[in-house]
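Open the model in your viewer and keep the selection tool at hand. The stops below can be followed in order.

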Amino acid sequence: MPDAPLISVRDLSKHFRTFKRREGVWGAIRNLVKRDYQAVHAVDRVTFEIQRGDMVGYIGPNGAGKSTTIKMLTGILVPTGGEIRSNGFVPWEQRRQYVKTIGVVFGQRTQLWWDIAVVESFKLLRKIYDVSQRDYDERMELFNHVLKLKDYLDTPVRKLSLGERMRCDLAAALLHNPPILFLDEPTIGLDVVAKDHIRQFLKEINQRYRTTVLLTTHDLDDIEELCKRIMIIDHGRLLYDGPLALLKQKLLRTKQVKFVVKDSEQAARLPALENDGLKIEPVDHLTYRIVFDRTKISVADLLRQILAEVEVRDLLIEDEPIEEIVKRIYAGEALKEVSA
Amino acid sequence: MNLKNIRVVYNKERMDMLRDRRTVFNMLLFPLIMFPIISIGFNRMENMFREKAKKEAAQIMVLGAAHAPELDARLRASGKFEILPLAADFKQQISDKKLRAAVEFSPGFEQALHAAGGVSPTLTLYFYRTELRSELAVRGLEELIGKYRTEIVQGRVVSQGMSAASLTPVITKEQNVASAEKVSGVRMGAIIPYFIIIFCLMGALHPAMDLTAGEKERGTLETILASAVSRGELVMGKFLLVLTTSLITAVISLISYSATLKFAPSAAARGVSGAAKDMTIHFSLQAVLMVFVMVLPLAVLFAATLVAISLMARSYKEAQSYTGPIMLAAIVPAIASILPGIELNPALALIPVLNVSLVSKELLSGSLPWASIAVVFISTSFYAAIALAIAVLQFQREEVLFRA
């Protein structure tokens, strides 16, 4: 029998009231007098469970409800309805005790104090979270080792680059060694190298401490590198919750074959391949691409056809990029296929 | 609420604050240098203008000088006037501000004056009303002619065999019975509470906005809300820091003011209150301390109100527009207390700001109205408690913290 889930969320909802702004000058004047309110269902009856040691990706377009969910999970916002049980706590009711067991990083925010040196922020956090000096030193050593913080510990936060700041923020969030880590877009705006640093670090703490991680992101490479499981949310509703592999398997309708022909004489013979709805797109000089539906034709069959017709110098078979799948999910067309 | 956590928040905000030059300037430097600069500056300026006016002799023209040789000689000898040669277009010259004024003696002026029982001779002054220097020149002329007139009258009285004293049958004398403290207290006392209140407010303003709306703007609010500090502790820590800066600013302004009074008393007195030049200023230490006790709940009221209001703003800039009316609402009653004739009474003792201002005025003039002091202190504390409660409640409201 599996362990009881570390985080359990049931029918979680959050509604906001926003007022509708009318257009134009006259509308603006009327707004001052009478306001029409509109309920926004930022999160709508979301249910999921997360086991200890899991790393779960939480994705969705802007305004889908990701951050609102994180804010409720961290106890900043009180839900309109539903339940959260996280590490044995109801976040908004036992916030003080609860947050000592979690770490939070908001990618576009910082918990480090803007005008003061990074190390001062760490010292203050140590006091807030009652971390003993020994544990503090030990963890700082690990962070220095993995995140290479040493060089800018004495720099005020405002002078750090985004990547440096994010590393410091991660360290700050993990100073009290929490079993749960919430990350809201941890790699947003970072360059490739910085992203890689962050990902390596997350993998390391996940393996070393069995830290449970829930991260929201727009960057699907984050998910592919870090998470076995993803949850997709849009308009406040959970659209998919399951293994990344399953999502790919179910939704990967198309594959593509990219190939380079020997010379232009060979290239001239290509149109002969265009039957059964196969379409050849030129990519580069002598390089072509065929996107095909794998339910209609197998890879082996297609390759046989190509090789029979033209002389090929190089060949590459690729899955549909995951971005394309997610785009289809957001567009709503993939929903039926998943539940099927 | 946990005192340790409040202290952590407080220390963190203080450290943040002290790195910010704007705060340090507003809190420490500005109140420190404002009084000396205002008072000494005003004094300098006044002296400068006076010196300049003194040096500058007014250009006038004397028409019909031959009819009044004696007065003409006096005008020339006084040194206050520069007498220009006659010109027919003297009126035009006055209009053009080339000439300040002109005096015209009627024919046979001095002859008529010395002839017994004759008709009084006339003298015409030409000037340009509303032109300051022209009016000053005429005033100088009138003064000189007035003196001459008195001499003539005295000469006539004496020549009639009467004593010159008969011209002033009654002599009035004024004797001030109020103590020096009372006089200076009423004058200075009116203005000092005003300054303390303004500086209390000014000292609180920037930190209140920075610690709330500024925090939202920098995007650090979410993270601090997600930390192991309760919202109540967060408000208290922030509020206490705002209160501290407010009080520090007020104390520094008072010290600076006292020092200016001590080292350049006449300058300070004239510069700030327009009081008499030779006035001595002294308050008892007890009065000053009492004023501080009265200001304490007021500072709490200011700090809590500003925190509660600025938290609603999404950015520092927005907070500035929200706090504008608060500044006005506090400054108007503070100014009202300076107006003569507004005295502390049971109804006014309940009006926030005005009551503290008025009771401080009383205290500094040396009286100790215990009943009013109690009413003012209790009512202000009551308002302060309400404001603080509102500030704490604001921090519990999601629609305030996360306004979209």
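Select Ala77(B) to begin: is Ala77(B) buried or exposed? This is a predicted model, and in it Ala77(B) is exposed, because 10 other C-beta atoms lie within 10 Å, where a residue counts as exposed at 12 or fewer. Ala77(B) is part of helix H3 of chain B, which covers residues 69-78. Now add Ile152(B), which is 75 residues away from Ala77(B) along the chain; their C-alpha atoms are separated by 19 Å.

**Chain B as a whole**

Next, select chain B. Chain B contains 15 helices and four strands. Of its 404 residues, 38% are buried. Among contacts in chain B between residues at least 6 apart in sequence, 76% join residues at least 24 apart.

Colour chain B by domain. Domain 1 takes in 3-41 and 180-401, while domain 2 spans 57-165. The centres of these two domains of chain B, taken over C-alpha atoms, are separated by 58 Å.

**The nonpolar cores**

Which residues touch the most other members of the largest nonpolar core? Select Cys200(B), Ala303(B) and Ala304(B): these hold that place in a core of 139 residues. Helix H11 of chain B (residues 285-310) gives this core its largest share, 15 residues. Another core lies apart from it, with 19 residues, including Ala58(B), Val62(B), Leu71(B) and Val103(B). In soluble globular proteins, nonpolar side chains tend to be buried together.

Go back to Ala303(B) and show what surrounds this residue. Leaving out residues up to four places away in sequence, Ala303(B) touches Ala204(B), Ala208(B), Phe239(B), Val242(B), Leu243(B) and Ser246(B).

**Where the chains meet**

Now show both chains. In the contact between them, 20 residues of chain B meet 23 residues of chain A. On the side of chain B, the elements that give two or more residues are helix H1 (3-18) and helix H8 (221-225). Sorted by class, this side of chain B has eight nonpolar, five polar and seven charged residues. For the complex, the predictor gives an ipTM of 0.71 and a pTM of 0.72.

**A strand in chain A**

Move to chain A and select strand E5, residues 102-106. Why is strand E5 of chain A largely enclosed by the rest of the structure? Five of its five residues are buried, so the strand is largely enclosed. In a regular strand the side chains alternate between the two faces of the sheet. In E5(A), Ile102(A), Val104(A) and Phe106(A) are on one side and Gly103(A) and Val105(A) on the other, and all are buried.

Add E6(A) to the selection. E5(A) and E6(A) run parallel and are joined by five bridges. To see one of the pairs, pick Ile102(A) and its bridge partner in E6(A), Ile180(A).

**Confidence**

Finally, colour the model by pLDDT. Chain A has a mean pLDDT of 84, with 96% of its residues at 70 or more. Among the elements of chain A, strand E6 (residues 180-184) has the highest mean pLDDT, 93, and helix H13 (residues 335-339) the lowest, 53.

Chain B averages a pLDDT of 83, and 90% of its residues score at least 70. Among its elements, helix H14 (residues 370-394) has the highest mean, 94, and helix H10 (residues 265-273) the lowest, 50. Last, select residues 270-280 of chain B, where pLDDT stays under 50 and the model has 21 contacts beyond four places in sequence. Where pLDDT is low, the predicted coordinates should not be read in detail.

How values were computed: Residues numbered from 1 in each chain as written. Chains lettered and ligands numbered in written order. Predicted model: local features only at pLDDT ≥ 70, side-chain atom pairs only at ≥ 80, totals over all residues. pLDDT = per-residue confidence, 0-100. Contact = placed C-beta atoms within 7 Å. Buried ≥ 20, exposed ≤ 12 C-beta atoms within 10 Å, placed from the backbone. Domains from an automatic or database assignment. Nonpolar A, V, L, I, M, F, W, Y, C, P; charged D, E, K, R; others polar. Core = buried A, V, L, I, M, F, W, Y, C linked by C-beta atoms within 7 Å. Pairing = 2+ DSSP bridges.
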